[in-house]
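Reader: I'd love a close look at the cysteines in this protein and the part of the fold around them. Could you walk me through what you see?

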Amino acid sequence: MAYRRSPLMEERLASNRERILAAARRLVAAGGYREAQIAAVAAEAGMSTGMIYRYFRSKAELFIEVLEAAVGHEIELLNAIAEGSGTARQRLYAAVECFTRRALTGPGLAYAFIAEPAEPEVDTARIRVRQRLGDVFKTILRQGIEAGEFPPQDLDASAACIVGAYTEALVGPIAPRAERVKDRDRLTQAICEFCVRAVSAGGAASAASTPAPAPARTRRVR
């Protein structure tokens, strides 16, 4: 007869895994990917390093799971905006604004997710993440084209360019030891306007002409 774990054992294993992931998130948020060494995660979680390796084969594998969980939350927020009220231009502006403000609020975690040097498998996971983010913007662009707000265009290319534009624009401001942005509103507005203008058929994409349907609630990236 095959061994079957009891519900209590399954719950304990899941709890241990969540403790490990939460500890890794805290370390990455505080000091970046470089600070989330297995030994440090074990100490933060109150476990042995051997226990960590029971759940994750490497630091990269652990970080990728942290990354994908955090991005899943970001995509939930962006999907809520994409499916919300307002014109396509307004929703595009609001979605870019949401991501940008949250990244500037939690720069350590955002930099680790976007650009911090890491293993090749982490970079591969980052590409998958960008594609998932791009899918949200493809939805908004498609609706905008159908409504006549945006000209016909290659959705894959345009969505990838939007994600690439706002993530690249954030790398400098959120990098470790970088001088923190004094006027976040101005930077955020500039990034949002550029993204809307890039897919529009001309005309300004100012905050006045493209207001967000509702102010995005700024919370730390998690």
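Author: Happy to! In this predicted model, the sulfur of Cys-161 has its closest cysteine sulfur in Cys-195, 9.8 Å away, which is too far for a bond. A disulfide would need the two sulfur atoms within 2.5 Å. Cys-161 is also exposed, with a relative accessible area of 55%. Cys-192 is in no disulfide either: the nearest cysteine sulfur, again that of Cys-195, lies 6.9 Å away. Unlike the exposed Cys-161, Cys-192 counts as buried, at 0% relative accessibility. A search of the whole structure finds zero disulfides.

Now for the surroundings. Ile-162 is in contact with Cys-195, and its other partners beyond four places in sequence are Leu-92, Val-96, Phe-137, Leu-141 and Val-199. Ile-162 belongs to the largest nonpolar core, a set of 66 residues. Within that core, Ile-162 is among the residues that touch the most other members, together with Val-41, Leu-62, Leu-92, Val-96, Phe-137 and Tyr-166. Helix H4, spanning residues 59-82, gives the most to this core, contributing twelve residues.

One of those well-connected core residues, Val-41, leads to another part of the chain. UniProt, in an unreviewed entry, places a "DNA-binding region" at residues 37-56. In the model, residues 37-56 are 75% helix and 0% strand, and the C-alpha atoms at the two ends are 12 Å apart.

Technical notes
Residues numbered from 1 in each chain as written. Predicted model: local features only at pLDDT ≥ 70, side-chain atom pairs only at ≥ 80, totals over all residues. Heavy atoms only, no water. UniProt positions renumbered as here; feature names shortened; annotations may be inferred. Helix = DSSP H or I, 4+ residues; strand = E, 2+ residues; numbered from the N terminus. Buried < 20%, exposed > 50% of the residue type's maximum accessible area, 1.4 Å probe, protein only. Core = buried A, V, L, I, M, F, W, Y, C linked by side-chain atoms within 4.5 Å. Contact = heavy atoms within 4.5 Å.
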